[in-house]
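Below is a short note for a colleague who is opening this model for the first time. The points go through open pockets, enclosed space, annotations and aromatic contacts.

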Amino acid sequence: MWYVSTRGMAPRVDFEGALFSGYASDGGLFMPEELPQLNRETLCQWSTLSYPGLVKELCALFIGSELIPKDDLNDLIDRAFSRFRHRDVVHLSRLRNGLNVLELWHGVTYAFKDLSLSCTAQFLQYFLEKKEKHVTVVIGTSGDTGSAAIESVQGAKNVDIIVLLPKGHCTKIQELQMTTVLKENVHVFGVEGNSDELDEPIKAVFADTVFVKKHNLMSLNSINWSRILVQMAHHFFAYFQCAPSLDTHPLPLVEVVVPTGAAGNLAAGYIAQKIGLPIRLVVAVNRNDIIHRTVQQGDFSLSEVVKSTLASAMDIQVPYNMERVFWLLSGSDSQVTRALMEQFERTQSLNLPKELHSKLSEAMTSESVSDEAIIQTMGRCWDENQYLLCPHSAVAVNYHYQQMDRQQPSSTPRCCLAPASAAKFPEAVLAAGLTPETPAEIRALEHKETRCTPMRRGDTWMLMLRDTIEDLSRRWKGHVLNASQ
């Protein structure tokens, strides 16, 4: 299968090329040149599969056995999920009043990103070992991406990872999950800025294509196609767990509520819908509501500031995966997508063309949730079910409660994606007047040694980043030289 840039100016690549590139050379994001179509028969066959089984089928479809033979692929995916705490990897909790919560957080760092990053890291190492190559992964994180990426590659001999975290904008636990990993290939920087600001030096470094090539740089943020691919499995698993029966014609609909910041899970859901999964998408955001405004009014423009909320991992103003959604909505028209995104990058403001906006509002609905509503939802879910939600999951569940309270009876089952465990957000749990439940391995983080290099306001962040990358390249070359002698 071939992948093309949403902006149409970069050469097409195979899965390996998309995996190692992150952004395409023209600033766009990689998407499959053609989307396969799943028929009813395939969906019925897949309906009995486990979550790992669905990941295997989707990856086989989008990677190709000429790149990773099926047996190797299955082994890599089994290895990726071997450290998950739940035997099913992903678990559906069926709660009162039709509330279905899909727990995507049973990985090592208690967040959904463990699912896609553990697989992506296995694919990376598979290709690197075959070619005896080294890469430096550079990541900006708003909280969970950094720790999941570190976890997936720590100790890997062919990979160095540099993570920029926004000092004071993550929870204490999220920060400790990154700064307590002291492996030689892990390099964490604490940036005096928010997650949008720390993305700027990263984007600037990646814009220098000669530098990127010379130092084998890549990103594992949710721009990486491999992550979107694995995240499609969330939607398939949600559908098969919640659909009443696949014997009806047409197949029944399931509504999937997606809490999001950078829109990776949303893009994955929209692609799943496009290839034949009968889901209706609801996108749920916190007070950083650019996606909500886009769906409701076609207004894809930045607010003046990023608002700090209880759902901190979603405190994002630039949901870069919306570019993938726009590309699909435009019928894979890279000229239209390029013009839209270049205007947005130039003016930080964009009104979607009427036709594109009406297609978007047909494809999904949306809501924006305040901190007050997050707290009320966490409290209500506990009162009704003795079930603790993290604040991000509460953003999704709030939509379910709103629909119930409006007494809009619907025969369509609904599934709320839960991206993280409440254990990672004790501050929000306390704010909701509830008692945090902290697992022993999270409590142990407080007593571990930490390592984190500050990036202060006034420092030239891009220069610090480039210097670190050059230093790691020199080290790797020295290592290779010593090994050959």
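1. Helix H1 gives four residues to the lining of the largest pocket, the largest share. The model is predicted, and the volume of this pocket is about 750 Å³. Its lining has 24 residues, and Phe20, Ser21, Tyr23, Ser25 and Val212 are the closest to the centre. Two or more lining residues come from each of helix H1 (15-21), H8 and helix H9 (209-214). By class, the lining of the largest pocket holds 12 nonpolar, six polar and six charged residues.

2. The second largest pocket has a volume of about 650 Å³. It is lined by 31 residues, and those nearest its centre are Asp196, Asp199, Glu200, Lys203 and Val318. Strand S5 (135-140), H8 and helix H14 (334-347) are the elements that each supply two or more residues to this lining. H8 has the largest share here, with seven residues. The lining of the second largest pocket splits into 16 nonpolar, six polar and nine charged residues.

3. How many cavities of 30 Å³ or more does the structure hold? There is one, and the volume of the largest cavity is about 350 Å³. A total of 29 residues line it, with Lys113, Ser142, Ala262, Ala313 and Ile316 nearest the centre. Helix H6 (144-153), helix H8 (195-207), helix H10 (225-242) and helix H11 (264-274) are the elements that give two or more residues to this lining. The largest share, four residues, is from H8. The lining of the largest cavity is made up of 11 nonpolar, 13 polar and five charged residues.

4. Lys113 deserves a separate entry. UniProt, in an unreviewed entry, places the feature "modified residue: N6-(pyridoxal phosphate)lysine" at Lys113. The residue is in helix H5 (residues 113-131). Is Lys113 buried or exposed? Lys113 counts as buried because its relative accessibility is 10%, and buried means under 20%. Lys113 is also among the residues nearest the centre of the largest cavity.

5. A second annotation concerns the start of the chain. The unreviewed UniProt entry assigns "domain: Threonine synthase N-terminal" to residues 3-81. Over residues 3-81, helix makes up 48% of the chain and strand 8%. The C-alpha atoms at the two ends of this stretch are 26 Å apart.

6. The count of aromatic pairs is 13. In one of them, Phe62 and Trp225, the ring centres are 5.8 Å apart and the planes stand at 55 degrees, so the pair is tilted. Phe62 belongs to helix H3 (residues 51-63) and Trp225 to helix H10, and the pair links parts of the chain 163 residues apart. Both Phe62 and Trp225 are buried. Elsewhere, ring pairs join Trp46, Phe236, Tyr239 and Phe240 into a cluster.

7. Two arginines lie over aromatic rings. The charged end of Arg12 sits over the ring of Trp2, at 4.1 Å from the ring centre. Arg85 is over the face of Tyr110, 3.6 Å from the centre of that ring.

8. A last residue to look up is Ile291, in helix H12 (residues 290-297). With a relative accessibility of 2%, Ile291 counts as buried. From Ile291 to Phe425 the C-alpha distance is 24 Å, and the two are 134 residues apart in sequence.

Conventions: Residues numbered from 1 in each chain as written. Predicted model: local features only at pLDDT ≥ 70, side-chain atom pairs only at ≥ 80, totals over all residues. Heavy atoms only, no water. 1 Å grid on protein atoms, 1.4 Å probe; cavity = no way out; pocket = protein on both sides within 12 Å on 5 of 7 lines; lining within 4 Å. Points joined across faces, edges and corners; volume = space filled by probe spheres on them. Nonpolar A, V, L, I, M, F, W, Y, C, P; charged D, E, K, R; others polar. Phe/Tyr/Trp six-rings, centres within 6.5 Å; stacked < 30°, edge-to-face > 60°. Buried < 20%, exposed > 50% of the residue type's maximum accessible area, 1.4 Å probe, protein only. Lys NZ or Arg CZ within 6 Å of the ring centre and 35° of its normal. UniProt positions renumbered as here; feature names shortened; annotations may be inferred.
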